[in-house]
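User: Could you take a close look at one helix for me and walk me through its surroundings? I'd like to hear what packs around it and what happens at its two ends.

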Amino acid sequence: MNTAKKLALLGADILLLYGTLALTLLIRYGASSLFESWAVHVGPFSLLFILWLFVWYLADLYRPSAFRTRASLLSNLAIATAVAALLSTVALYLLSGIFELTPKTNLVIFSVLFLLLDFLARSMVSRKFATGALSVAVIGSSSLIPETAALLEKNPQIGYKITKIFATLSEQDLQDLKKQIREKRIDLVVTQPTFPEGSPTLISLYKLLMLEIEILNLWDFYEGIFEKIPLDELNETWFIENITTRRPFYDTAKRLVDMVASSILIIIFIPFMILTGILVLCSSAGSIIFSQERIGKGGKSFTLYKFRSMISDHNGSPWTEQRDARITPIGKILRYTHLDELPQLFNIFKGELSLTGPRPESAQLAEEFKAFPYYEIRHVIKPGLTGWAQIHYRPSASLEEAREKLRYDMYYIKNRSLFIDLLIVLKTVRYFFMSFGNSNSI
């Protein structure tokens with residue numbers, strides 16, 4: 001689902017929130033008192049709507065997976081509505097002195113109506129995306145093409161359907177494609193960008209422009225759908241054109257946010273850190289803090305701190321499995337809740353780490369990962385406590401999985417912004433107690 005469709009869904013939800021509020025007030029107070037009750041409720045509920053939209057984002061209701069089946073859509077909406085209603089109740093009571101409004105009955109009516117209306121609206125949108133999917137012709141022989149075609153076939157709600165695939169464009173293929181474009185049977189042409197200058201296929205693609213058809217780069221099309229970068233297909237020119245190593249305003253603003261946020265979080269979590277330290281100390285012999293050399297920005301090493309979750313002086317693989325015998329009983333709890341990561345707040349405050357960015361790897365693993373294409377680009381920015389790869393992919397337990405996560409890291413490096421950082425932090429809050437599994441690297 002591309003950005004335009006996500007924004008359209010967001011806009012529809014905003015309109016639906018206000019429409020549902022008006023309907024709730026109409027049911028509760030009648031048409032004669034609608035404007036008066038609206039003036040009282042619209043301010044507090046507008047603040048609550050921001051909360052509702054955040055819950056919708058955290059529930060992945062703006063991702064294609066939310067639309068796979070009506071049953072899963074209804075289930076996700078019901079859970080999100082219950083969470084949003086509960087948080088709204090708490091917020092209204094905490095702010096009752098400001099708004100003088102604790103609308104228990106109104107909030108119940110609103111929640112039920114919005115659940116039903118949003119389910120109906122999203123069901124209609126899902127059908128529209130599937131039945132109105134754009135027909136795509138793809139030119140090229142890249143291995144990305146069957147992968148992308150399989151995903152689009154499995155998820156018609158994304159809104160694209162690959163109907164024609166050409167390895168190259170012969171004169172006959174060109175005439176066939178032109179005919180389908182004129183007859184509106186092809187809405188979009190996607191081409192791999194590696195055809196040599198002056199090749200017959202490239203010349204044929206140029207001729208298609210006269211038909212006013214949109215032609216997209218396969219790499220960009222793949223990135224927009226998967227939200228990761230097809231590393232194996234790229235070349236050095238792509239990185240030169242797409243990777244910005246310095247963004248003065250963004251870098252300064254991010255460092256300021258890191259310092260303020262880490263300071264506040266250290267103060268908030270100090271009691272938890274003290275308690276965790278005592279539990280680690282009493283549960284097994286060894287130090288409280290586990291420190292390890294990690295690779296940071298520019299390939300420079302720094303010492304990363306975590307609460308020890310394994311037995312001391314352990315040996316073995318740098319990867320860990322879900323039932324790794326080296327993990328202590330307390331360590332299992334710490335890893336599941338990610339409380340073992342709390343000492344890294346001090347790394348953030350010192351400037352060695354950021355709140356968001358690619359996770360720093362140990363020196364041993366970083367050496368192994370150098371075999372991955374363009375791995376060194378990962379170090380052009382500061383590593384993070386959490387990142388785009390962490391909210392989209394499970395902890396890696398093998399070189400192949402680490403390679404996959406690198407694709408997500410590259411997407412972040414290319415598209416990083418304060419807005420994306422905010423989305424990562426919000427999604428990380430959701431996963432704080434909902435781990436994909438135990439952490440897979442020591």
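**Helix H9 and its surroundings**

Analyst: Let's start with the cover: the buried residues of H9 are covered by elements that include helix H6 (144–154), strand E2 (160–166), strand E3 (188–191), strand E4 (214–217), H10 and helix H16 (399–415). Keep in mind that this is a predicted model.

How enclosed is the helix itself? Seven of the nine residues of H9 are buried, so the rest of the structure largely encloses it. Going along the helix, the buried ones are Leu218, Trp219, Phe221, Tyr222, Glu223, Ile225 and Phe226.

Now for the ends. At the N-terminal end, Asn217 acts as the cap, with a side-chain oxygen 2.7 Å from the backbone nitrogen of Trp219. At the other end, Glu227 comes just after H9 and takes a positive phi of about 55 degrees.

Carry on into the loop between H9 (218–226) and helix H10 (236–242) and you'll find Lys228. Buried or exposed, for this lysine? With a relative accessible area of 5%, Lys228 is buried, because the cut-off for buried is under 20%. Its side chain makes a polar contact of 2.3 Å with the side chain of Glu404. Leaving aside residues up to four places away in sequence, Lys228 also touches Glu147, Tyr222, Glu223, Arg407, Tyr408 and Tyr411. Two of those names, Tyr222 and Glu223, are also among the buried residues of H9, while Glu404 sits within the range of H16 (399–415), part of the cover over the helix.

Conventions: Residues numbered from 1 in each chain as written. Predicted model: local features only at pLDDT ≥ 70, side-chain atom pairs only at ≥ 80, totals over all residues. Heavy atoms only, no water. Helix = DSSP H or I, 4+ residues; strand = E, 2+ residues; numbered from the N terminus. Buried < 20%, exposed > 50% of the residue type's maximum accessible area, 1.4 Å probe, protein only. Polar contact = N/O pair within 3.5 Å; in protein donor to acceptor, adjacent residues only side chain to side chain. Contact = heavy atoms within 4.5 Å.
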